[in-house]
Amino acid sequence: MSTLGTIVVTGGAGFIGSAVVRHVIGATDATVVNVDSLTYAGNLESLADVSDDSRYRFERVDICDFEAVRDVFRRHRPDAVLHLAAESHVDRSIDGPSVFVRTNIVGTYTLLDVSRAYWDDLEPAARSRFRFHHVSTDEVYGSLPAEGLFTEDTPYHPNSPYSASKASSDHLVRAWHQTYGLPVLITNCSNNYGPYQFPEKLIPVIILNAIAGKPLPIYGTGDNVRDWLYVDDHAAALHLVLTHGAAGETYNIGGHVERTNLDVVRSICSLLDELCPDSPFRPHASLISFVTDRLGHDKRYAIDASKIQRELDWKPSETFESGLRKTVGWYLNERVWWERVLSGAYRQMVGESSNGETGQRAV
Ligand code: NAD
Ligand code: TYD
């Protein structure tokens, strides 16, 4: 299957989802139906570049709402589902796990249920073309010691409420394939970074705090390791797996970019020192502040991406250095986007007042 007519993308107003929507509209002929309930993490302003395209549609729908999701399928007749909608932030899952269980587990179940009924009724050719692609995380595999990499065969060992909810949803997707034959794909990706990331995750928190001369919070000693992938490389990989992956298979996606958190923060500070020569906060590394560690903080993640490279000929196009430079440059140039997030003004686009949930979670 190399071309798709209509793709339902769930979570298309989020960080990775909006990159996927921009990629599909910009690089393919497919029509995108963005199904998103617009939680605090959903921002239609991230889709300004494509929202007027005749191949883009938006449905404000909660993936836990069976009738509403079924209605979307009835009206749009998708050839594939690319499922990204989720609660995605580990710290929030520690503070309040219930919405993670609801959206990530019950929401995925609801989508699977609607997809199966819809797929069952398709004509044979459309039935064999249909795909349900579930977008997941390497965090389902747990934490690594100093050596070793996560492969597709690594046993699941999720440690946070977030990763446990994603692991549950992965299992549901797999079961719908084994039991009902639904043609599914699962991808497990490492940490993403890039433009339009909500300022609760490490890289945008550090960039925006450094620009403002605020402390740069590093949990614990900063020696936890993450494996970083530029978001547009992930978006391209997702479309490749959706169109060329083998049904029933799992693919790990990662950039082979392991860095300690302290290294990441120092790299951002050096870039800002270079790109903002007149900043009163140079050297930005002087803003670094070690804070209380995260509960149950996973030590190290690192992905073995050899399967997707070998079988689908995928490799990332950005190095960490080129991707981070682009990202820091983007935040410096796109102040309006993030100022509206920090002030809460971006919620006005969905008819909500700006004094509700705003950009940064209190730490
Ligand atoms: P995000 O938090 O930026 O966006 C999530 C989107 O889902 C938002 O637009 C939100 O409005 C929407 N959403 C939430 N609950 C919903 C519901 N009940 N119904 C409909 N829409 C809902 O997340 P992200 O960082 O873009 O991550 C996207 C997906 O990729 C997630 O499934 C996440 O687990 C996975 N993932 C993320 C990373 C990462 O580094 N961010 C890495 C690997 C995998
Ligand atoms: P995060 O971006 O929340 O992604 P994840 O927890 O899914 O890997 O965090 C990345 C790493 O950075 C993680 O080890 C926690 C750490 N971190 C900080 O040190 N300070 C921060 O302010 C944040 C948000 C994260």
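This text goes through the sheets, one helix pair, a pocket and two cavities of a predicted model.

The seven-stranded sheet comes first. Its strands follow the order 3-2-1-4-5-6-10, the sheet is open, and the pairing is parallel. Strand 3 (56-59) and strand 10 (250-253) are the edge strands, each pairing on one side only. On average, neighbouring strands here are turned by 20° against each other, direction ignored. At one end of the order, strand 6 pairs with strand 10 in the parallel sense over four bridges. Within that pairing, isoleucine 186 stands opposite threonine 250 of strand 10. Helix 6 packs on this sheet and touches strand 5 (131-137) and strand 6. The direction of helix 6 makes about 155° with that of strand 5.

Helix 6 and strand 6 also lead to a pocket. The second largest pocket holds about 290 Å³ of space. It is lined by 17 residues, and those closest to its centre are Glu152, Tyr156, Arg174, Ile186 and Thr250. Ile186 and Thr250 are thus met again, as the residues that stand opposite each other in the pairing of strand 6 with strand 10. Two elements, helix 6 (161-180) and strand 6 (184-189), give two or more residues to the lining. Helix 6 provides the largest share, five residues. By class, the lining of this pocket consists of five nonpolar, six polar and six charged residues.

The other sheet described here has three strands. They form an open sheet in the order 7-9-11, with mixed pairing. Strand 7 (191-193) and strand 11 (258-260) are at the edges and have a single partner strand each, so one side of each is left without a neighbour in the sheet. Neighbouring strands of this sheet are turned by 50° against each other on average, direction ignored. Strand 9 and strand 11 run antiparallel and are joined by three bridges. Valine 225 stands opposite threonine 260 of strand 11. Helix 9 (residues 261-275) packs on the sheet and is in touch with strand 9 and strand 11. Its direction makes about 85° with that of strand 11.

Strand 9 (residues 225-230) has a part in a cavity as well, giving three residues to the lining of the second largest cavity, the most of any element. This cavity holds about 30 Å³ of space. Among the residues that line it are Tyr193, Trp228, Leu229, Tyr230, Asp233 and Phe320. Seven residues of the lining are nonpolar, two are polar and two are charged.

How many cavities of 30 Å³ or more are there? The count comes to two. The largest cavity holds about 50 Å³. Its lining includes Glu139, Arg226, Arg294, His297 and Asp298. In this lining, two residues are nonpolar, four are polar and four are charged.

The last feature is a helix pair. Helix 1 (residues 15-27) and helix 8 (residues 231-244) pack at an angle of about 60°, and their axes are 9 Å apart. The crossing of helix 1 past helix 8 is right-handed. From helix 1, the contact is made by Phe15, Ile16, Ala19, Val20, His23 and Val24. Helix 8 contributes Val231, Asp232, His234, Ala235, Ala236, Leu238 and His239. By class, the contact comprises nine nonpolar, three polar and one charged residue.

Note on methods. Residues are numbered from 1 along each chain as its sequence is written. Chains are lettered from A and ligands numbered from 1 in the order in which they are written. This is a predicted model: local features need pLDDT of at least 70, side-chain atom pairs count only at pLDDT 80 or more; totals for chains, interfaces and linings use all residues. Side-chain values use heavy atoms; hydrogens and water are left out. On a 1 Å grid over the protein atoms alone, a cavity is a set of points where a 1.4 Å probe fits but cannot get out, and a pocket is an open set with protein on both sides within 12 Å along at least five of seven lines; lining residues have an atom within 4 Å of a point. Grid points are joined across faces, edges and corners, and a volume is the space filled by probe spheres set on the points. Ala, Val, Leu, Ile, Met, Phe, Trp, Tyr, Cys and Pro count as nonpolar, Asp, Glu, Lys and Arg as charged, and the others, Gly among them, as polar. Two strands pair if DSSP finds at least two bridges between them. Axes are lines fitted to C-alpha atoms, for helices over the stretch in contact, and angles run from 0 to 180 degrees between N-to-C directions. Contact means heavy atoms within 4.5 Å. A crossing is left-handed if the near helix is turned anticlockwise from the far one by less than a right angle, and right-handed if clockwise.
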